[in-house]
Amino acid sequence: MTPATGMSSDPSNIRSKARSPRSRPPAPVVAAAVVISLATLIPLGFVIIMTAATGWDTAVKLIFRPRVGELLFNTVGLVLATIPLCIVIGVAAAWLVERTQLPGARFWSLVLAAPLAVPAFVNSYAWVSTIPSLGGIAGGTLVSVLSYYPLVYIPAAAALRRMDPALEQSAASLGLDRWRAFFRVILPQLWLPITGGSLLVGLHLLAEFGAFSMIRFNTFTTAIMEQYQSTFNGVAANMLASVLVLLCLVMLLFESRIRGNARYARIGSGVASRPPILPLGRYRPVAVVGVLGLAALALGVPLGNVVRWLVAGGADIWDLPEIARTLAQTLAFGLAGALLTVLLAFPIAWLAVRYPSWFTKLLEGTNYITSSLPGIVVALAFVTVAVGYLRPLYQTVPLVIAAYVLLFLPRALVNLRAGLAQAPRELEEAAQSLGNPPLKTFLRVTLRLTAPAAAGGAALVFLGIANELTATLLLAPTGVNTLATRFWSLSSEIDYGGAAPYALILILLSLPMTYLLYTQSQKAAGQ
Amino acid sequence: MSPASADTPTPDSHLIIDNVTKSFGSTQVLRGVSLSVHRGITTAIVGPSGSGKTTLLRLIAGFEAPDSGSIMLDGKVVADGTTLVPAHRRNVGYVAQDGALFPHLSVGENVAFGLDRRKFGGRAAVRKRVAELLAMVSLDPDYAGRRPDELSGGQQQRVALARALAREPELMLLDEPFSALDAGLRVATRKAVAATLAAAGVTTILVTHDQGEALSFADQVAVMRRGVLAQIGNPFVVYTRPSDRETAEFLGDAVILDADLQGSLATCALGGIPVRRPTCQGRVHLMLRPEQIRIAETGAIRGTVLETDFFGPEVTVKLELHGPAASNGLKQTITIRHWNATLTKPGTELYLRVIGEGVAFPA
């Protein structure tokens, strides 16, 4: 890794005229960060170049046709139906768990976050094997809401926990009753978790393939995949991809517009006391039934179905050598991808924290835009680039890992950023004044203090890789299967029983990571 | 600007800073600072926030490099146009504002951080040394096993000092190490730190924005303002004979009166006041410290109490003067302190006398 400051670890006592370590970051780190950020621009560049190269007439012909209209209707309709439902369910659940005398609130707090450990395509599999006729926007919305509401619920619960009770007390002293206080004081405070969570939900909806394909609901992503697999029709798939990317960018822009930059953090000093807990009174049964129902639908149905198929399948479905091979493959991909992603995120995170400027902000921002692109777009870009220019890399492990890095870099970035904030410059300076050269300082202090955050980031990247489907399907070498792709091929063949062990392992692998995510959000809230 | 004799480098100078400048972007933070520090003494660099004092300390520590000028430690150049000895090779101790204890290490591990175990003779020797160092800063050796976050702010600062002392540096830099502590703890910690450093015979430089702290802590005070050292000298001299009005007002409350200075006698609303070694003549601003103005039984100078502000041991009294000079149009109000609030009701007329000399600044 790179030394921690602008000082060189030159063995001689003397070095040439120094630049201020504060004013200019070390060149090798900048170079590394720039190269990594440029590499992450490959998918976006691919879409732009392909669209330009297609020619206006062909592009118009391929984009303005009834098929695209149908896909647009489905995709936009899905987003517009799912996001509000996720907000209502996520915020209501967070409020019940954090602010009311819900029986067993701490237990529910965790259980309601747990559906995040169930991959959306496993959820879909469970529902379609319960209700075989499930499909259309309604079916897509049902599965999506149950899979993705935790993305709003977790940050909303964390924000409710951290919120200064003095605000509500002030509202009460200004004559607002509880309902009006909720809508005029609490809800506006939740704006950031709601917009941030909704963006994540939206991006997941645009990127999801397995869950919708399973219930034969067509979105841009499923259509691109179909186009690609059935005909290898590159141009048609690419045009669909560029519309998808456009939707994605519109969503990012919209979120950054409405998010605003108002200050929602606690203003003033002092230690915040615990927020007030409301008695539910006669609404108590309603609240309990609501929480119970949500958990049953989002967690009970998938778990119940997996267990049902496991029981029905008996010993026959446990093809142990195959399962072991797939599990090992998943762990290998996950670990390699997670390590590489954290390693590559380090220079960018370090520059962003230590040398904040428009340039480092740009570097950081690039990575967020790229990885909000659906996996299918990244995969298509990699396939095209590999087939066209790097033929030996096509369908090799390095290419899959590279796609994972691009897709999941922000998960590592966000964590490393927080971790580096735990290792302020003062501590590095203290170590140096105690006789430690820069490299040793970096190892003994900076790296050591960042390690927990780096591990957290790596775990989240691992989780992403284990559940990744589209990029793996397109890019993995022939015959190489992860748990997700194996589950997918079995359940596509309606071998629901055979797929069940893979679903179980996926859920079991994801549970600890989900728990980590949950505790991290609680910690960020100062608990 | 009249740098005192302490600024002249002598063979005994431990640290010599010569005409150092430093800019961050377009902001020039240091505009030519020169300072000489004798071995074994304590120097306080005092100035308002943003005056550049912390930057100067960071240059001495080696965390930053000067744009021009030079820094010499122990007769060796550590920073100039061509040379820069990095921080870890300077053997300069540094205690930051919040102590900067490593949160992932215990107190004992923090203190031992700068000790090379192999060179030091093994684990047991290190443990013994840690206990010694903790004792030096008046902490029980049991503290070695605690985590930094289990300590109070004052204890953390003392651990940071022990950690910095572990390598037996000849120069210790303290960057506002007491400012995060509350008032009572601040004085106690300051005294403990000063005693420890004096016992160890370490040359010490303290940066602070607190005048009282600078004056009580140091053998030599350097007043920093807008990137230059406005005055360097012993605390008593700097306080009683500041080199300009801004320094005077920064170092403590000052009574400033219009005066007419002839020779070494200034005539003002408080009568004739002697001025030592005046640098100007004629119309001047005369500076006195409020404690030099006392309430007397009788005398030629009188003042009427306008308002008072009582805060326990003392009362500040705002007075309108009508002395012999008042007829010259030099009618003025001043603020002094007194211990007896019952004597100083608004409207009361009091007699005043002045103790000691004044300082004259060009008007």
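These legends walk through several close-up views of a predicted model.

**View 1. The two domains of chain A meet face to face with 36 residues on each side.**
Chain A is divided into domain 1, residues 43-264 together with 281-288, and domain 2, residues 318-527. Their centres, taken over C-alpha atoms, are 22 Å apart. On the side of domain 1 of chain A that touches domain 2 of chain A, several helices each supply at least two residues, among them α2 (42-54), α6 (120-130) and α8 (150-162) of chain A. Look for α14(A) here: it gives the most to this side of domain 1, with seven residues. The residues on this side of domain 1 divide into 30 nonpolar, four polar and two charged.

**View 2. A UniProt feature is placed on two stretches of chain A.**
According to UniProt, in an unreviewed entry, the feature "domain: ABC transmembrane type-1" covers residues 72-253 and 327-517 of chain A. The second stretch, 327-517, is 82% helix and 0% strand. Its end C-alpha atoms lie 23 Å apart.

**View 3. Chain A meets chain B through 24 residues of chain A and 26 residues of chain B.**
On the side of chain A that touches chain B, α20 (425-433) and α21 (438-466) of chain A each supply at least two residues. The largest share of that side comes from α20(A), with seven residues. By residue type, the side of chain A that touches chain B divides into 10 nonpolar, eight polar and six charged.

**View 4. Val445(A) sits in helix α21 of chain A.**
Is Val445(A) buried or exposed? Val445(A) counts as buried because it has 24 C-beta neighbours inside 10 Å, and 20 or more is the cut-off for that label. Leaving aside residues up to four places away in sequence, Val445(A) touches Ala423(A), Leu427(A), Glu428(A) and Ala431(A), as well as Phe102(B) from the other chain. Leu331(A), by contrast, is 114 residues from Val445(A) along the chain, and the C-alpha atoms of the two are separated by 30 Å.

**View 5. Six strands of chain B form an open, mixed sheet.**
Follow the strands across the sheet in the order β6-β7-β8-β3-β9-β10. At the edges stand β6 (92-95) and β10 (228-233) of chain B, each with a single partner strand, so one side of each has no neighbour in the sheet. On average, neighbouring strands of this sheet are turned by 15° against each other, direction ignored. For a closer look, pick out β7 (residues 171-175) and β8 (residues 203-208) of chain B, which pair in the parallel sense over five bridges. Within this part of the sheet, Leu174(B) stands opposite Leu206(B) in β8(B).

**View 6. Chain B is assigned two domains.**
Domain 1 of chain B spans 5-240, and domain 2 of chain B spans 253-362. The C-alpha centres of these two domains lie 40 Å apart.

**View 7. Two loop residues have a positive phi.**
Most residues other than glycine have a negative phi. Gln395(A) is not a glycine, yet its phi is positive, at about 55°. Gln395(A) lies in the loop between α18 (375-388) and α19 (397-421) of chain A, and it counts as partly exposed because it has 16 C-beta neighbours inside 10 Å. In chain B, Asp74(B) also has a positive phi of about 55° without being a glycine. Asp74(B) belongs to the loop between β4 (68-73) and β5 (76-79) of chain B. With 15 other C-beta atoms within 10 Å, Asp74(B) is partly exposed.

Definitions and conventions
Residues numbered from 1 in each chain as written. Chains lettered and ligands numbered in written order. Predicted model: local features only at pLDDT ≥ 70, side-chain atom pairs only at ≥ 80, totals over all residues. Pairing = 2+ DSSP bridges. Helix = DSSP H or I, 4+ residues; strand = E, 2+ residues; numbered from the N terminus. Axes fitted to C-alpha atoms, helices over the stretch in contact; angles between N-to-C directions. Buried ≥ 20, exposed ≤ 12 C-beta atoms within 10 Å, placed from the backbone. UniProt positions renumbered as here; feature names shortened; annotations may be inferred. Domains from an automatic or database assignment. Contact = placed C-beta atoms within 7 Å. Nonpolar A, V, L, I, M, F, W, Y, C, P; charged D, E, K, R; others polar.
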